[in-house]
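Reader: Could you walk me through this model? I would like to go from the overall make-up to a few helix pairs and some single residues.

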Amino acid sequence: MAATPRFHNDADATPDADPHLIPESASADRKHPVDETLPPLKMFTSGLQHVAAMYAGVVAPPMILGPAVGLTAKETAFLMGASLFTAGLATLLQTLGFWRIGARLPFVNGVSFAGVTPMVAIGKDRGHDGIAVIFGAIIVAGLLGFLLAPYFCKLVRFFPPVVTGTVITLIGVSLLPVAFRWSQGGNAMADDYGSMTNITMAAVTLVIVLALRKLLRGFLQQIAILLGLVIGTLIAIPVGITDFGAIKDAELIGFPTPFHFGAPQFEIAAIVSMCIVMLVCMTESTADMLALGKIVDRPADERTIEGGLRADTLGSAISPLFNGFMCSAFAQNIGLVAMTKVRSRFVVAAGGGILIVLGLVPVAASVIALVPLPVLGGAGIVLFGSVAASGIQTLATAALEKGENALIVAAAVGVGLIPIAAPDFYHAFPKDLLVVLDSGISTGCVVAIVLNLVFNHLGRKPDPDPSGQEREQERSPAAAAPAAAH
């Protein structure tokens, strides 16, 4: 960790300190970077950079689900617009918040990939009825998650640095294959998948981003990813991998009509399946909030995580009203925060506003869609690698030389890498279990938590050495004093 910051940090306060007794002028002078507002142009461009980094991740699930359930190309495009719109609403809930809802961190929310496989299984070849059943299951799962949030957040005390560092590293490593697939072209069935042209464009974009980060200074350096995507897209036009078809077919205005595919339907099997997905999403979001809290130097305590989980789950429950899907944290944007050092949550809120506009104006969304996936993949290598690097940095503080901490990391990372290194490893397991097992982040997180309990808590006296587990627990987010009221 860096030296004591000059701004006010709730985690630095003593448990008995009353934040309301801090003089108003002093509080204003020491505003945390997370709560700072930036000039309008910087706010917009930085927010747009977040949208560019996560756009493909938002539209991919409806692109997969639409054809699987039997929707037309136009109906699938409608689902994509609705997903952008609901992702914007969920992001605003998360960043701005109200009452005790929202983590109030620079946290991007969007459609969760964890639900794609079970949703396809629920709605396959059932058309509008399949979509209605999926929406009904998501509503129930979202409401259940909202009720569980105050209890689920208490798991934070089982996330010391040896656990959080492992999970953050797994988040970054788990995302890297996504960047690699984008670099190859995204569609494994396409003739040019993995072609030299696609991979060369990804490499060119990667070099451009690195060069811009090295050569530029100040604000331009902070938006190096966005500039790299623009330059890479312009280069891709004469190369012939930029598709303008989306702009030609896009409508000027389009509102996601509530319950466009009919009233939600409720089937027990579908509800159980999506409730399992919700628990997986809540686990991943908890890990993501802990990771982001460390990156922005505002450790996520129980109250922050409770608010973040409430925003996730409420956003998920509301999304089907506007034809959207289950929402969860987007880890790729954590890498963007780590890389750019722009920590303002209002920047991400601006990104949420842009997502809403894109959902309402399909022609504007199609402009973002011009960025070829190989170009996005080249930038993604830097973004996702930054997340893994943050995890390694956290592990450096976890006293791995003490006790069995190194063994905990070894086992958790090994299990977490199984879905990446051997995607068919669990092929003989029941489909319902695959929701959890196919997520390296979830399995690695569970293994790290369980082993930390076994080796560092159960039947063992505290280590008197201040450099050991006691000191590790002191650095954990749970040891931080409760944050001031939002």
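Author: A word on terms before we start: helices and strands here are DSSP runs, a helix having at least four residues and a strand at least two, and they are numbered from the N terminus. The model itself is predicted. With those terms, Asp438 lies in the loop between α19 (431-437) and α20 (440-456).

Reader: Okay, staying there for a moment, is Asp438 buried, partly exposed or exposed?

Author: Asp438 is partly exposed, because its relative accessible area is 43%, and the partly exposed class runs between 20% and 50%.

Reader: And which residues is Asp438 in contact with, neighbours within four places aside?

Author: With those neighbours left aside, Asp438 is in contact with Pro419, Pro423 and Tyr426. The C-alpha atom of Asp438 is also separated by 8.7 Å from that of Ile420, a residue 18 places away along the chain.

Reader: Let's zoom out. How many helices and strands does the protein chain have?

Author: The protein chain has 21 helices and two strands, and buried residues make up 55% of its 486 residues. If one takes the contacts between residues at least 6 apart in sequence, 83% of them join residues at least 24 apart.

Reader: Now α12, please. What end-to-end span should it have, and what does the model give?

Author: Helix α12 covers residues 302-318, and at 1.5 Å a residue its 17 residues should span 24 Å; the end C-alpha atoms are 24 Å apart, so the model agrees with the expectation. As for its surroundings, α12 is mostly covered, with 14 of its 17 residues buried.

Reader: How do the axes of α5 and α12 cross?

Author: The axes of helix α5 (residues 127-152) and α12 come within 7 Å and cross at roughly 170°. The two helices are therefore roughly antiparallel to each other, given that angles over 145 degrees fall in that class. On the α5 side the contact is made by Ile138, Ile139, Gly142, Leu143, Gly145, Phe146, Ala149, Pro150 and Phe152, and on the α12 side by Glu306, Leu309, Arg310, Thr313, Leu314, Ser316 and Ala317. Sorted by class, this contact has 10 nonpolar, four polar and two charged residues.

Reader: What about Pro150 in particular, which residues does it touch beyond its sequence neighbours?

Author: Leaving aside the neighbours within four places in sequence, Pro150 is in contact with Glu306 and Arg310. Pro150 and Arg310 are 160 residues apart in sequence, yet 8.4 Å separates their C-alpha atoms.

Reader: Next pair: at what angle do α6 and α11 pack?

Author: Helix α6 (residues 161-184) and α11 pack at an angle of about 100°, with their axes 9 Å apart. That makes α6 roughly perpendicular to α11. Thr164, Val167, Ile168 and Ile171 in α6 meet Ala287, Asp288, Leu290, Ala291 and Lys294 in α11, and by class the contact has six nonpolar, one polar and two charged residues.

Reader: Pro161 is in α6 too; is it buried or exposed?

Author: Pro161 counts as buried, because its relative accessibility is 1%. In space, its C-alpha is 10.0 Å from that of Gln393, although the two are 232 residues apart in sequence.

Reader: One more pair, α7 and α16: what is the handedness of the crossing?

Author: The crossing of α7 and α16 is right-handed. The axes of helix α7 (residues 196-215) and helix α16 (residues 373-395) come within 7 Å and cross at roughly 45°, and the helices are therefore oblique to each other. From α7 the contact takes in Asn198, Met201, Ala202, Thr205, Leu206, Val209 and Leu210, and from α16 Pro374, Val375, Gly378, Ala379, Ile381 and Val382. By class there are 10 nonpolar, three polar and no charged residues in this contact.

Reader: Changing topic to the backbone, what is phi near for Arg104 and for Asp297?

Author: As background, most residues other than glycine have a negative phi. Phi of Arg104 is near 55°, a positive value, and phi of Asp297 is near 65°, also positive.

Reader: Where are those two, and are they buried or exposed?

Author: Arg104 is in the loop between α3 (73-95) and β1 (109-111), and it counts as buried because its relative accessibility is 8%. Asp297 is found in the loop between α11 (268-295) and α12, and with a relative accessibility of 18% Asp297 counts as buried, the cut-off being under 20%.

Conventions. Residues numbered from 1 in each chain as written. Predicted model: local features only at pLDDT ≥ 70, side-chain atom pairs only at ≥ 80, totals over all residues. Heavy atoms only, no water. Expected span 1.5 Å × (residues − 1). Buried < 20%, exposed > 50% of the residue type's maximum accessible area, 1.4 Å probe, protein only. Axes fitted to C-alpha atoms, helices over the stretch in contact; angles between N-to-C directions. Parallel < 35°, antiparallel > 145°, perpendicular 65-115°, else oblique. Left-handed = near helix turned anticlockwise from the far one by under 90°. Contact = heavy atoms within 4.5 Å. Nonpolar A, V, L, I, M, F, W, Y, C, P; charged D, E, K, R; others polar.
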